[in-house]
Amino acid sequence: MTKVHEDRPPVSPTGQDEVAAAGSELIGGPAGRHVRPGGHWLTPVRVVVLVALGMFALGMVQKLPCYDWAWFQGAGSQYTHACYSDIPHLYSARGFADGLVPYRDKFPDLAVDPKYGGMQYLEYPVLTGAFMQAASWLTPSSGAIQHREQMYWMVNAGMLMACAAVIAVCVTRTHRRRPWDALLLALAPAFALNATINWDLPAVALAAAAMLMWSRSRPLAAGVLIGLATAAKLYPVLLLGVLFVLCWRAGKWRAFGAAAGGAVVSWLVVNLPVMLYAWDGWKRFYVFSQDRPIDFGSVWLLISQRSGNPLDGANTYATGLTLLLCLGIGVLTLTAPRRPRFAQLAFLVVAAFILANKVYSPQYVLWLVPLAALARPRWRDFLIWQAGEVAYFLGIWFYLAYTTSGDKHQGLPLEGYQLAIAIHLLATLYLCGVVVRDILLPERDVVRRDGSDDPSGGVLDGAEDVFVLGDKAKAPRYAAPSEGRRVDWGVEPRD
């Protein structure tokens, strides 16, 4: 099987997607057949980055009521304005304002200083802690604490904006012939709203760069980036599981070994010094993740509240469900008519991890947005999912406004918040279901309509299967018609 030639012009979304075509009327309508792609300085990468930065800036503007006063005038205001962020609060609550060194310096006990909330050490992975520390070095160390917290958020916002630009570049370039799919990421409302709540974007940027390197058949570089991403957040390690099962089906063990080895080495390079120097502080993230009870947004919280059962074994339930879902995804990979695309499986595995987790913080949607843009680049499905995520974003803040407003009861009561959780779960499951359908019926996959196999697959793109479960004869012989032509899977269409 050969790859589709990549010197053909980029795919125009307005020619394939009805929603994109309708939306393009705001800027003059769909691209014509004689348009000259790449003939202007506004290349797809530059357009996507500019749009992503513009949306990021709008997300910062949305935080303006909190920046001016709500972060500092009691808990309720930052919830009623839906502009909460962990960043300014943790500047003081995790010792950065006092010059404490993450992982090395233990926080004062709750009885000594209540602002630390009883936390002993910084509860973030090492690379995220380094990001937080670097931002604190760039923050003025003199002046009123409110001003310093404002500046800390602003510095972090600038650094996170750089991460957003990296993500936009990587997503745009991962599928060579489909750069405009990255506009899904750039225009995603949930991405803009959640970008500056916490420190998730460094890990998302490293994971996006890893997928770009894998798509360029550079497995070692991809593995190194996955290891670094895992040193910032835990979820990127799931990409190794995706690559394992895909390489198993394609017999690409050397590529997987390079990626896995690079990931282990880079993770150790970042973590080992802190493990040796400050073991108690280093392990805090993993102990906290294990001991954390059922919390906001999770399916387990919904079940617990509706049933009245505290679900004391939440760790077991969450771990068991995650493993069960990942096993199902693995079986799907080995039995599908065509080997699933890397982006499809990456989205499904990370979504399974999120759906089964003990907590769903609103910023976790940032993990999924780049993967969704690559896995299912259809505006209708993407916007349905985004609507569910925006509903949850508003739901959690209005629920917290309700719980902190005392007898005023301003905000969303418990039943309303439970509905917001259900909407988020159903919207994510909907997008997962559409991706699974594309895997089972690959002729429905818009990325493969031109005969492409796996544009983000790197060494997997166009590779023959060496191990499958089930009847390979069930695979469709032809891709869906592309511009009136019938094309073989992974073979360049001929006029």
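**Exercise 1.** In this predicted model, determine whether Lys233 is buried or exposed, and identify its salt-bridge partner.

*Solution.* Step 1: Lys233 has a relative accessible area of 10%. The limit for a buried residue is under 20%, so Lys233 is buried. Step 2: the side chain of Lys233 forms a salt bridge with that of Asp200, with an N to O distance of 3.9 Å. Step 3: this pair joins distant parts of the chain, 33 residues apart. Lys233 lies in the loop between helix H11 (219–230) and helix H12 (238–250), and Asp200 in the loop between helix H9 (189–194) and H10. Step 4: Asp200 has a relative accessible area of 0% and is therefore buried.

**Exercise 2.** State how many salt bridges the structure holds, and describe the one formed by Arg94.

*Solution.* Step 1: the total is 17 salt bridges. Step 2: Arg94 pairs with Glu123, and their closest N and O atoms are 2.8 Å apart. Step 3: the two residues are 29 residues apart, and each is placed in the loop between H5 and H6. Step 4: Arg94 and Glu123 are both buried.

**Exercise 3.** Characterise the salt bridge between Arg448 and Asp453, and find the network to which Arg448 and Asp453 belong.

*Solution.* Step 1: the closest N and O atoms of Arg448 and Asp453 are 3.3 Å apart. Step 2: Arg448 is buried at a relative accessible area of 1%, and Asp453 is buried at 4%. Step 3: salt bridges link Arg448 and Asp453 with Arg249, Arg338, Arg339 and Asp465 in a network.

**Exercise 4.** Test the end-to-end distance of helix H6 (residues 126–137) against its expected span.

*Solution.* Step 1: with twelve residues at 1.5 Å a residue, H6 should span 16 Å. Step 2: the C-alpha atoms at its ends are 16 Å apart, so the two values agree. Step 3: the buried residues of H6 include Val126, Phe131 and Met132. Step 4: the buried residues of H6 pack against several helices, among them H5 (86–93), H7 (145–174) and H13 (253–277).

**Exercise 5.** Which residues have the most contacts inside the largest nonpolar core?

*Solution.* Step 1: the largest nonpolar core has 149 residues, and Leu201 and Phe347 have the most contacts inside it. Step 2: setting aside residues up to four places away in sequence, Phe347 touches Leu368, Leu371, Ala372, Ala375, Leu431, Cys432 and Val435. Step 3: Leu368, Leu371, Ala372 and Ala375 are buried residues of H19. Step 4: helix H19 (residues 365–375) has eleven of its eleven residues buried.

Technical notes
Residues numbered from 1 in each chain as written. Predicted model: local features only at pLDDT ≥ 70, side-chain atom pairs only at ≥ 80, totals over all residues. Heavy atoms only, no water. Helix = DSSP H or I, 4+ residues; strand = E, 2+ residues; numbered from the N terminus. Expected span 1.5 Å × (residues − 1). Buried < 20%, exposed > 50% of the residue type's maximum accessible area, 1.4 Å probe, protein only. Contact = heavy atoms within 4.5 Å. Core = buried A, V, L, I, M, F, W, Y, C linked by side-chain atoms within 4.5 Å. Salt bridge = Lys/Arg side-chain N within 4 Å of Asp/Glu carboxyl O.
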